[in-house]
Amino acid sequence: MTEPGHLGEKQRLKRELGLFDLTLFYIAGGLSLRWIATAAAAGPSTILVWIFACLFFFVPLAASVLELSARYPEEGGLYVWTQRAFGDFSGFLAAWTYWMSNLPYFPAVLYFGAGSLLFAFPHGQKLAATGSYYLLFALGCLAVITVLNVRGLKFGKWLNSVGAFGSWIPIIILLVLAGVSVFRFGSATKFTAVSMTPHADLKNAIFWSTIFFAFGGCETGSFMSEEIKNARRTIPRALIVSGVILAGSYIVGTIAMLVALPSAEISGVGGFASAIQVMCSRLGLSWIVVVIVLLVALNSIGGAASFLSSTSRLPFVAGIDRYLPKAFGRVHRRWGTPWIAIIFYGFAGMLCALLSQAGSTVQGAYDLLVSMSIVTYFIPFVFLFLAMIRLQREPFPQGGIRFPGGRSVAVLLASVGLITTMLTIVLALVPPDDEPDKGLAIAKILGSTFLLVGAGAAVFLTAKWRRKT
């Protein structure tokens, strides 16, 4: 647990985020336009998958975060909750797998933004297969995000705000374009009972894990609880507002894209932008493409910024507890930020971008980054849902906002979320159809996962031994 001498580090943190800021933060991190294109490319059956993922993963996750944030509004969120429920080792392992799983997320989401941005230029698609362009874009954005967050959330939160608007406006334009397309050409997709029924084959089951992955992110705000104004009440309110917007945008956006285009015409790293370009060309509104792709790029940058600023608080708290070098737990005296943890995490994201490009095509690197993120990303949620169940034995504090239904509903929702999470991990392990050696592919995923968890355990045990000696 935290040593008394280090409590002063947390006390120097500045409370910069209000309700409006935190709501935009959740939207920027949770609402990624790339998932709308990914879902639409799979056909109309994904609409029911969205609804299933919302009810059986997002609602339990949001409810658990809502209650645990009200119970324990402390910096570190997931780390603190798991630590309180199961001890230091479980808390550290939950945080370790979470921050490690998010490293591939940064270049993946920025590659999507870079691919979309190419549609703003007449000959931009010539760079579509140029890995150096994507790499430089990702490195440059991560450098800017890191510097702004070191300066403080009052600067870094503007990237989140811009990222949120970078998702709202394109979705609104998408809805308008879809409406005009239906009026002029009719629906490009037939929505029938057969086409909208998800098929329980292996190919579709693998895709489901990606849809569940898209609903992650509502846990991130709690990582910065001691930098949020009145966190016990602000986090739940921001979660409810952003959650409605998030779920509605994914479902309605997917329907709109399918109405305007056949699913076969939606694909690639820049899937959303390419779909918009086709719609605008058919309607004679090509000038709108430039506006939309600029906003899509901002949405990608905002998403990367929200996860970097929040997830960097996990190594910060672990540094305070001395399970990472104590430098991670330092707060900048002037700016009131965990600057060393932020800089380290920013550089780690850049390193991941560099490694992802080694001997790989752009599309191959993007697919690799997404698949790397999914398996390890869901491991911390196993800890989170189990902590939600375990901590029901402790009294609920007065003044906090609790999910309706009390203890019985809380346990039920957490159990549903836990089962869904375990199922998603299993599905994410299944290799795609075009994988030549499926056994080797599964072995690689399992091997890398065990290596990651083992490395976390080794770091913890080494730190614990040093603390004793």
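**Burial, helices and salt bridges in a predicted model**

Author: In this predicted model, buried residues make up 58% of the 469 residues in the chain. The chain contains 18 helices and 0 strands. Its exposed area is about 18500 Å², of which carbon and sulfur atoms supply 69%.

Reader: What share of the chain's contacts with a separation of 6 or more joins residues 24 or more positions apart?

Author: Such residues account for 84% of those contacts.

Reader: Why is C54 called buried?

Author: Buried means under 20% relative accessible area. C54 has 14% relative accessibility, so C54 counts as buried. The residue is found in helix α4, residues 46-71.

Reader: Which residues does C54 touch, not counting those up to four places away in sequence?

Author: C54 touches V59, F215 and A247. In addition, the C-alpha atoms of C54 and A214 are 10.0 Å apart, although 160 residues separate the two in sequence.

Reader: What makes F215 stand out in the largest nonpolar core?

Author: That core has 144 residues, and F215, M257 and F272 touch the most other members. Beyond its neighbours within four places in sequence, F215 is in contact with residues including W50, C54, F57, L61, L246 and Y250.

Reader: Why is the pairing of E67 and R71 called a salt bridge?

Author: The term requires a side-chain nitrogen of Lys or Arg within 4 Å of a carboxyl oxygen of Asp or Glu. For E67 and R71 the N to O distance is 3.1 Å, so by that cut-off the pair qualifies. The structure holds 4 salt bridges.

Reader: Where do E67 and R71 lie, and are they buried or exposed?

Author: Both lie in helix α4, 4 residues apart, about one turn of the helix. An α-helix has 3.6 residues a turn, so residues three or four places apart point the same way. With a relative accessible area of 0%, E67 is buried; R71, with 6%, is buried as well.

Reader: How do you know that E75 and R313 form a salt bridge?

Author: Their side chains meet at 3.9 Å, N to O, and the cut-off is 4 Å, so the pair satisfies the criterion. E75 lies in the loop between α4 and α5, and R313 in helix α14, so the pair ties together parts that are 238 residues apart in sequence. E75 has 0% relative accessibility and therefore counts as buried; R313 is buried too, with a relative accessible area of 0%. E75, E227 and R313 are linked in a network of salt bridges.

Reader: What does the salt bridge between R84 and E394 tie together?

Author: The closest N and O atoms of R84 and E394 are 3.0 Å apart. R84 lies in helix α5 and E394 in the loop between α16 and α17, so this pair ties together parts that are 310 residues apart in sequence.

Reader: Why is R84 called partly exposed?

Author: The class covers values between 20% and 50% relative accessible area. R84 has 40% relative accessibility, and therefore counts as partly exposed.

Reader: How do you know that the span of helix α17 is close to the expected one?

Author: Helix α17, residues 406-429, has 24 residues and reaches 35 Å from its first C-alpha to its last, against 34 Å expected at 1.5 Å a residue.

Reader: Which residues of α17 are buried?

Author: Among them are A410, L413, G417, T421, T424, I425 and L429.

Technical notes: Residues are numbered from 1 along each chain as its sequence is written. This is a predicted model: local features need pLDDT of at least 70, side-chain atom pairs count only at pLDDT 80 or more; totals for chains, interfaces and linings use all residues. Side-chain values use heavy atoms; hydrogens and water are left out. Helices (H or I, at least four residues) and strands (E, at least two) are DSSP runs, numbered from the N terminus. Buried means under 20% relative accessible area, exposed over 50%, partly exposed in between (1.4 Å probe, protein chains only). Contact means heavy atoms within 4.5 Å. Accessible areas come from the Shrake-Rupley method with a 1.4 Å probe; for residues, only the protein chains shown count as cover. The expected span of a helix is 1.5 Å times one less than its number of residues. A nonpolar core is a set of buried Ala, Val, Leu, Ile, Met, Phe, Trp, Tyr and Cys residues joined through side-chain atoms within 4.5 Å.
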